[in-house]
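Please walk through this protein with me, one stop at a time. Keep the sequence and the picture side by side as you read.

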Amino acid sequence: MKIVKYILIAIPLLLILIIGVGAFFIYTLDLNSYKSLIVEKAQEATGRELVISGEIEHKLFPILGLSLGSTTFGNAEGFGDAPMASIESVDINVAVLPLLKGKVEASKVKLHGLKMNLHKNAQGVTNWDDLMPEESAATESEKSSAASDVDVVINGIEITDAELLWQDDQVGTKIQIAPFNLTTGELVDGKATDVKLNLKLKNAAPVMDASLVVTTKALFDSKAQTLSLQGLDINLHSTGESFPNGAMDLDLTSNVSGNFATQKYSMQNTDIKIAGTGDAFPEGNLDVSMQTNIDADV
């Protein structure tokens with residue numbers, strides 16, 4: 001009987017020892033020592049060069065977190081030497097305990113200095129075609145059902161000083177968006193959140209410079225398949241070849257709603273103001289305002 005007693009005492013002690021050793025290993029783990037392995041596996045999976053210049057930091061409890069410093073991801077063959085993507089820093093944190101209940105609770109996701117270089121050549125091939133996964137056999141209903149099993153709450157997104165380059169050799173388009181900044185409030189399905197976006201855009205041909213500011217309170221309901229943008233406010237300022245010796249300003253406010261299932265959309269209490277100066281307008285000036293409600297069933 002003593003042997004049974006000793007076994008009953010030894011088992012929990014052994015478990016405590018295993019958990020303690022595991023926790024010590026994880027907490028003292030330095031992911032930076034695995035950079036070469038991460039780079040090697042990325043090369044094997046994508047055929048692209050991954051360069052991690054910054055530090056990798058992690059947290060485990062009560063928050064599962066990952067911070068990544070300066071990193072670049074190589075371009076596809078035939079698209080030049082400039083990286084396809086790079087980022088200065090990423091910070092993502094997820095609460096551990098809610099994961100055990102099938103719920104994802106993430107703090108604000110922060111991305112700083114993201115740069116994307118997207119390119120389509122004259123043959124219609126893009127520099128991301130080789131990264132696209134093969135089509136899955138799962139139906140849309142199966143995908144949506146699987147997604148609905150997980151309750152996701154993200155305490156906002158913060159994208160700062162991002163840059164997007166888009167070049168289409170088939171039509172001669174070359175667009176640069178920089179900087180691109182986006183901030184949101186808490187992202188919860190069926191709950192309204194504040195959204196603010198601002199960006200500057202340059203187009204090579206025809207030459208155009210534009211700045212855009214968008215603010216709204218957005219609400220998306222995945223079950224009802226509806227989207228609402230309350231208090232939508234859009235401000236656009238444009239200069240360039242289309243407005244010689246002048247500029248154009250567009251101000252739009254509205255309450256927008258849409259149902260993707262019924263394909264019915266609405267813009268209520270819409271106020272549009274357009275002001276233009278320069279040679280593109282009669283007598284060098286344009287001043288237009290309109291108030292309207294719009295309903296569309298497509």
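K41 is partly exposed, because its relative accessible area is 46%. The model is a predicted one. K41 forms a salt bridge with E44, and the closest N and O atoms are 3.8 Å apart. Find both residues in helix α2. They sit 3 residues apart, about one turn of the helix. E44 has 54% relative accessibility and counts as exposed. The cut-off for exposed is over 50%, so E44 passes it, while K41 at 46% falls in the partly exposed class.

Stay on helix α2 for a moment. The helix covers residues 35-46, and L37 belongs to it. L37 is partly exposed, with 39% relative accessibility. What kind of surface patch do Y34, L37 and I38 form? The patch is nonpolar. Together the three residues have about 240 Å² of accessible area.

How many salt bridges does a search of the whole structure find? The count is 6. The pair in helix α2 is one of them. Another joins D130 to R48, with the closest N and O atoms 2.8 Å apart. D130 lies in the loop between β9 and α3 (140-148), and R48 lies in the loop between α2 and β1 (50-52). The two residues are 82 apart in sequence, so their salt bridge ties together separate parts of the chain. Is R48 buried or exposed? R48 is buried, at 2% relative accessible area. Its partner D130 is partly exposed, at 45%.

A further salt bridge links the side chains of D194 and K217, at 2.8 Å from N to O. D194 is in strand β14 and K217 is in strand β15, so this pair ties together parts 23 residues apart in sequence. D194 has 47% relative accessibility, which makes it partly exposed. K217 is partly exposed too, at 37%.

Now go inside. The largest nonpolar core has 14 residues. Which residues have the most contacts within that core? They are L197, L199, L229 and L232. Several strands supply this core. Those giving two or more residues are β11 (157-168), β12 (173-184), β14 (193-203), β15 (208-221), β16 (226-240) and β17 (243-259). Strand β14 gives the most, with 3 residues.

Take L232 as an example. Set aside its neighbours within four places in sequence. L232 is then in contact with V214, T215, T216, L252, T253, S254 and V256. There is also a second, separate core, made of 6 residues. Its members include L50, I56, F73 and A85.

Next, look at how strands pair. Strand β5 (residues 85-87) and strand β9 (residues 115-120) run antiparallel and are joined by 2 bridges. S86 has K115 of β9 as its bridge partner. Strand β9 also pairs with β11. In which sense do β9 and β11 pair, parallel or antiparallel? They pair in the parallel sense, over 6 bridges. Here M116 stands opposite L164 in β11.

Last come some backbone details. Most residues other than glycine have a negative phi, and most peptide bonds are trans. With that in mind, check four places in this model.

The first two concern peptide bonds. A178 and P179 are joined by a cis peptide bond, with omega about -5 degrees. P179 is part of strand β12. The bond from A205 to P206 is also cis, with omega near -5 degrees. Where is P206? Look in the loop between β14 and β15.

The other two concern phi. D161 is not a glycine, but its phi is positive, near 55 degrees. D161 sits in strand β11 and is partly exposed, with a relative accessible area of 41%. N245 also has a positive phi, near 60 degrees. Find N245 in strand β17. Is N245 buried or exposed? N245 is exposed, because its relative accessible area is 68%.

Technical notes:
Residues numbered from 1 in each chain as written. Predicted model: local features only at pLDDT ≥ 70, side-chain atom pairs only at ≥ 80, totals over all residues. Heavy atoms only, no water. Patch = residues over 30% accessible without salt bridge, like charges linked within 9 Å, V, L, I, M, F, W, Y side chains within 5 Å. Areas by Shrake-Rupley, 256 points an atom, 1.4 Å probe, with all protein chains shown as cover. Salt bridge = Lys/Arg side-chain N within 4 Å of Asp/Glu carboxyl O. Helix = DSSP H or I, 4+ residues; strand = E, 2+ residues; numbered from the N terminus. Buried < 20%, exposed > 50% of the residue type's maximum accessible area, 1.4 Å probe, protein only. Core = buried A, V, L, I, M, F, W, Y, C linked by side-chain atoms within 4.5 Å. Contact = heavy atoms within 4.5 Å. Pairing = 2+ DSSP bridges.
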